[in-house]
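Colleague: Could you walk me through this one, please? I would like to start with the ligand and then go on to the empty spaces.

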Amino acid sequence: MSLPPISKRGTPRVRPNLVDYHRAGREFSWDDARARLSGLPGGRGLNIAYEAVDRHASGASGDAVALRCVGRHDELTEVTYADLRRDTSRFANVLCALGAGRGDRVFTLLGRRPELYVTVLGTLKNVGVLAPLFSAFGPEPIYERLRLGDARVLVTSVDLYQRKIAGIRDRLPGLKHVLVVGGEAPEGTISFDRALAAASDVFDIPDTDPEDMALLHFTSGTTGRPKGAIHVHDAVVAHHATARFALDLHPEDVFWCTADPGWVTGMSYGVIAPLTCGLTMVTDAGDFDARRWYRVLAEQRVTVWYTAPTAIRMLMRHGAAVAGEYDLSALRFIASVGEPLNPEAVVWGQEALGLPIHDNWWQTETGAIMIANFAATEIRPGSMGRPVPGIEAALLERGPDGRARVENGRVRVITDGVGELALRPGWPSMFRGYLHEEDRYAKAFAGGWYLSGDIARRDADGYFWFVARADDVIKSAGHLIGPFEVESVLMEHPAVAESGVIGRPDPVAGEVVKAFVTLREGHEANDVLRRELIAFARRRLGAMAPKEIVFDQDLPHTRSGKVMRRLLKSRELGLPDGDVSTLESAS
Ligand code: ATP
Ligand code: MG
């Protein structure tokens, strides 16, 4: 499964922030990275919102466009840094007037509209804790998270309030205030627009300890019940540094991160990091649609684009010709995160979009990109890349349960083979806890490492290759098989758009590899194709090839876009689905 490396030839249009990988790593320190930020005036600490907004809002840079929000019907709203400072200060004053202060949880349940960004950054100004919810969640997952997260204030829209909150509100006695955006505020709620208009636009950010809690993020729930990861203001140091290194952001860029701020990617890189760079950020309130996305890229003259493998696979389904109809000449860098990026997709980017796709790896828990393919360095298709400067990553020997083997509090770093991916604690955006789950947090660390729960290998040059989530590894006839490798090979077949691979229990082999396959348009699911795919996979994978293939045009995805293999598996076994609150079709 190795496609040739993609080297970077010629002179790049923009000088990359990271030119020499090894040198950047040697010379890097988090203190230097912190010094690139301003800090609150008077040495009063470090506040995310100040770094993202206020420090760019005075003088000429205040007139620069911070947000260019594309509405559902293509209407455009531009918000300058000065506008954003004014409105976030107003919102911080609104919170103060409501008696919500330091540490109080403010939840959002809003589409990607300007008020969402104002709420996020205004809350951080007020040293409150922002907890974003994805607006497509149904009432139960919303209730669970509001309850778990001790919600005190919620900002939502009139429509979402009526459809999703009104019915659960009396079960949430701690939820004191609900502000609603757009339209007449229903009884028991406050009009966001009116409250904002009445508030003063002067707000002094209180002293902010870099360790003050800032964000509460629920994980995607791919492997089980979502966990609430706690992040602090110091995380902004990592947001900014990684945005420069891994996404190569420059102040001149027009940047689009397609992830919803309800997920960590949409917060770290869809709100905070790009604004700390002082650039123009594009947001789109619409849902995925291949032509819409190409149009946004073309019309907004997006230069740097951060998206997800599932989106790229969907674009691939529509074919390269569709991409060719749009002027994507402004685009200079594409990155992706969230799931393994199939080598085929990296190369497709090169062919269809004129640029390869740079995969990078991180988690809700890490708060920022940890491993990446960089603008100036060779891409190895299928690899997540190398640790960003400031990050030490290693592979740990695994025990019988497939996770790192911990003996007397010790672990063993391996240099060859497959191990649990671990990170040396101490980077600023590392999570500081799982809300209300201290034991679980403690168990995430051993022998001086944070244990990611992902299994990977590393090549001689230090590139990391994702193998599987520890829970997804398939053991078949003595082989250890990562579903991703099998899925990627299947995707090389022209009929295959996407697949999900699991191990089905088998009395002889332990497990046999079973693939659920979504076909591209124009291909018919039948036995001939099934046999062809099995033979195709066997030629490349030998014993690791799937023994069974099922056609399924509707694979279960999380709302953040990941294939939920655990669901394929539990359904295969006739077991209950478990927590499906983040399943795409649940609402
Ligand atoms: P949960 O922890 O609730 O099961 P989740 O792990 O999917 O959900 P996130 O924190 O959103 O929640 O996702 C992080 C995970 O996504 C990583 O641990 C990894 O398994 C996967 N991932 C992220 N980026 C990549 C990548 N580039 N290649 C492979 N896997 C990736
Ligand atoms: Mg996880």
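Colleague: Which atom of ligand 1 does a polar side-chain atom of Asp-359 lie 2.9 Å from?

Modeller: It is a nitrogen atom of ligand 1 that lies 2.9 Å from the polar side-chain atom of Asp-359, and please keep in mind throughout that this is a predicted model.

Colleague: And what about Arg-469, which atom of ligand 1 is its polar side-chain atom close to, and how far away is that?

Modeller: For Arg-469, a polar side-chain atom is 2.7 Å from an oxygen atom of ligand 1. The backbone takes part as well, since a polar backbone atom of Gly-338 is found 3.2 Å from a nitrogen atom of the ligand.

Colleague: How much of ligand 1 does the protein bury?

Modeller: On its own, ligand 1 would expose 630 Å², and the protein buries 95% of that area.

Colleague: Which residues around ligand 1 come nearest?

Modeller: There are 21 residues around ligand 1, and the ones that come nearest are Thr-219, Thr-222, Thr-223, Thr-364 and Lys-562. Sorted by class, this shell is made of six nonpolar, nine polar and six charged residues.

Colleague: Which strand gives the most to that shell?

Modeller: Strand S14 gives the most, with three residues. If you look for the elements in the structure, S14 covers 357-361 and strand S23 covers 464-469, and each of these two supplies at least two residues of the shell.

Colleague: Which domains does the shell draw at least three residues from?

Modeller: At least three residues come from domain 1, which is made of 1-35 + 234-391, and at least three also come from domain 2, which spans 81-232.

Colleague: Let's change topic. How many cavities of 30 Å³ or more are there?

Modeller: A search of the whole structure turns up two, and the largest of them holds about 70 Å³ of space.

Colleague: What lines the largest one?

Modeller: Its lining includes Arg-313, Glu-339, Pro-340 and Asn-342, together with Phe-484, Glu-487 and Met-491 and, further along, Arg-565. Helix H16 (483-491) and strand S26 (496-506) are the elements that give two or more residues to this lining, and H16 gives the most, with three. By class, the lining of the largest cavity has four nonpolar, two polar and five charged residues.

Colleague: Why does the largest cavity count as lying between domain 1 and domain 4?

Modeller: Both domain 1 (1-35 + 234-391) and domain 4 (474-573) give residues to its lining, so the largest cavity lies between them.

Colleague: And the second largest cavity, what volume does that have?

Modeller: The second largest cavity has a volume of about 40 Å³. Among the residues that line this cavity are Phe-134, Phe-137, Phe-218 and Trp-263, and by class its lining has six nonpolar, one polar and one charged residues.

Colleague: Last one, then: what is the volume of the second largest pocket?

Modeller: The second largest pocket has a volume of about 460 Å³. Of the 22 residues that line this pocket, Lys-8, Pro-12, Arg-332, Leu-355 and Ala-375 are the closest to its centre, while the classes in its lining are eleven nonpolar, six polar and five charged residues.

Key: Residues are numbered from 1 along each chain as its sequence is written. Chains are lettered from A and ligands numbered from 1 in the order in which they are written. This is a predicted model: local features need pLDDT of at least 70, side-chain atom pairs count only at pLDDT 80 or more; totals for chains, interfaces and linings use all residues. Side-chain values use heavy atoms; hydrogens and water are left out. A residue is near a molecule or strand if one of its heavy atoms lies within 4 Å of it. A polar contact is a pair of N or O atoms within 3.5 Å; within protein, one must be able to donate a hydrogen and the other to accept it, and residues adjacent in sequence count only if both atoms are side-chain atoms. Accessible areas come from the Shrake-Rupley method with a 1.4 Å probe; for residues, only the protein chains shown count as cover. Helices (H or I, at least four residues) and strands (E, at least two) are DSSP runs, numbered from the N terminus. Ala, Val, Leu, Ile, Met, Phe, Trp, Tyr, Cys and Pro count as nonpolar, Asp, Glu, Lys and Arg as charged, and the others, Gly among them, as polar. Domain bounds come from an automatic or database domain assignment. On a 1 Å grid over the protein atoms alone, a cavity is a set of points where a 1.4 Å probe fits but cannot get out, and a pocket is an open set with protein on both sides within 12 Å along at least five of seven lines; lining residues have an atom within 4 Å of a point. Grid points are joined across faces, edges and corners, and a volume is the space filled by probe spheres set on the points.
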